[in-house]
Amino acid sequence: SKEFTVEKPMGIILEEREENQASGVYCIIDESSEQSAAAISGIRTGDVLASIEGTDVTCSTFDEVMEIFANALSPVELIIQRKEERIKQKVVIQPKRMPSTKKLMKASTNVNFWKDPLMIGSAIITVALPLGVYLAASGPK
């Protein structure tokens, strides 16, 4: 959970976690307005309100949460719960090596060879292209 102090008007849209249930509310931040007090303070869409001015709202209805907000003086102290952020890992893509002519000839007898566009391209570059260049260079005799 994280603590925030946000000035009114906050720029938060609230949505029930479960319709007509007393199970708390989600925060939805208006992404078009990056200047809202909530966005500037660091509240994000998908955060769940846990506490408003020290009052636990995790099991409150939408109307109860709205009443607490209406009665709270500015700035409002909020505690939110945020799903754990996934760690982004750096991925390095290694270039694929072109297979040798010998491997291409052996693999070309397998039906799966002709389903892979990379292998078809490799066959064209390593076999058909040099053959075409040779034939064009030798010309008609």
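With a relative accessibility of 2%, Asp-47 counts as buried, and this residue offers a convenient entry into the structure, which is a predicted model. Asp-47 sits in the loop between helix 1 (37–41) and strand 4. From that position its side chain reaches the backbone nitrogen of Arg-44 at 2.8 Å, and a further polar contact, likewise given as 2.8 Å, joins the side chain of Asp-47 to that of Arg-82. The pairing with Arg-82 also qualifies as a salt bridge, with an N to O distance of 2.8 Å. The two partners belong to distant parts of the chain, since Asp-47 lies in the loop between helix 1 and strand 4 whereas Arg-82 lies in the loop between strand 6 and helix 3 (101–107), 35 residues apart. How many salt bridges does a search of the whole structure find? The search returns one.

The wider architecture can now be set around this residue. The protein chain contains four helices and six strands, and, when read along the sequence, these elements follow the pattern β-β-β-α-β-β-α-β-α-α. Of the 141 residues in the chain, 23% count as buried. Among the contacts with a separation of 6 or more, 56% are between residues 24 or more positions apart. The accessible surface of the chain comes to about 10,700 Å², and carbon and sulfur atoms account for 56% of that area.

Strand 4 follows the loop that holds Asp-47, and this strand is mostly covered, with five of its five residues buried. Strand 4 pairs in the antiparallel sense with strand 6 over four bridges, and within this pairing Leu-49 has Ile-80 of strand 6 as its bridge partner. Strand 4 also pairs in the antiparallel sense with strand 5, here over two bridges, where Ile-52 is matched with Thr-55 of strand 5.

Strand 6, in turn, is joined by five bridges to strand 1 (residues 2–6), and these two strands run antiparallel. One of the pairs in that arrangement is Lys-2 with Ile-80 of strand 6; Ile-80 is also the bridge partner of Leu-49. How are the residues of strand 6 divided between a covered and an uncovered face? In a regular strand the side chains alternate between the two faces of the sheet. In strand 6 the covered face is made up of Val-76, Leu-78 and Ile-80, while Glu-77, Ile-79 and Gln-81 form the uncovered one.

Two details of backbone geometry occur in loops beside these strands. Most residues other than glycine have a negative phi, and most peptide bonds are trans. Glu-53, however, has a positive phi of about 50° although it is not a glycine. This residue lies in the loop between strand 4 (48–52) and strand 5 (55–56), and the hairpin formed by those strands has two residues between them. Is Glu-53 buried, partly exposed or exposed? Because its relative accessibility is 38%, Glu-53 counts as partly exposed. The second detail concerns the peptide bond joining Ser-74 and Pro-75, which is cis, with an omega of about 0°. Pro-75 is found in the loop between helix 2 (62–71) and strand 6 (76–81).

Elsewhere in the chain, Arg-17 lies in the loop between strand 2 (12–16) and strand 3 (25–29). Its relative accessible area is 36%, so Arg-17 is partly exposed. The C-alpha atoms of Arg-17 and Cys-27 are separated by 9.7 Å, the two residues being 10 residues apart along the chain.

The last feature to consider is on the surface, where Ile-124, Ile-125, Leu-129 and Val-133 together make a nonpolar patch of about 380 Å². Ile-125, one of these residues, is found in helix 4 (residues 117–138). Ile-125 is partly exposed because its relative accessible area of 47% falls between the 20% below which a residue is buried and the 50% above which a residue is exposed. By the same scale Asp-47, at 2%, counts as buried.

Definitions and conventions. Residues numbered from 1 in each chain as written. Predicted model: local features only at pLDDT ≥ 70, side-chain atom pairs only at ≥ 80, totals over all residues. Heavy atoms only, no water. Buried < 20%, exposed > 50% of the residue type's maximum accessible area, 1.4 Å probe, protein only. Polar contact = N/O pair within 3.5 Å; in protein donor to acceptor, adjacent residues only side chain to side chain. Patch = residues over 30% accessible without salt bridge, like charges linked within 9 Å, V, L, I, M, F, W, Y side chains within 5 Å. Areas by Shrake-Rupley, 256 points an atom, 1.4 Å probe, with all protein chains shown as cover. Salt bridge = Lys/Arg side-chain N within 4 Å of Asp/Glu carboxyl O. Contact = heavy atoms within 4.5 Å. Pairing = 2+ DSSP bridges.
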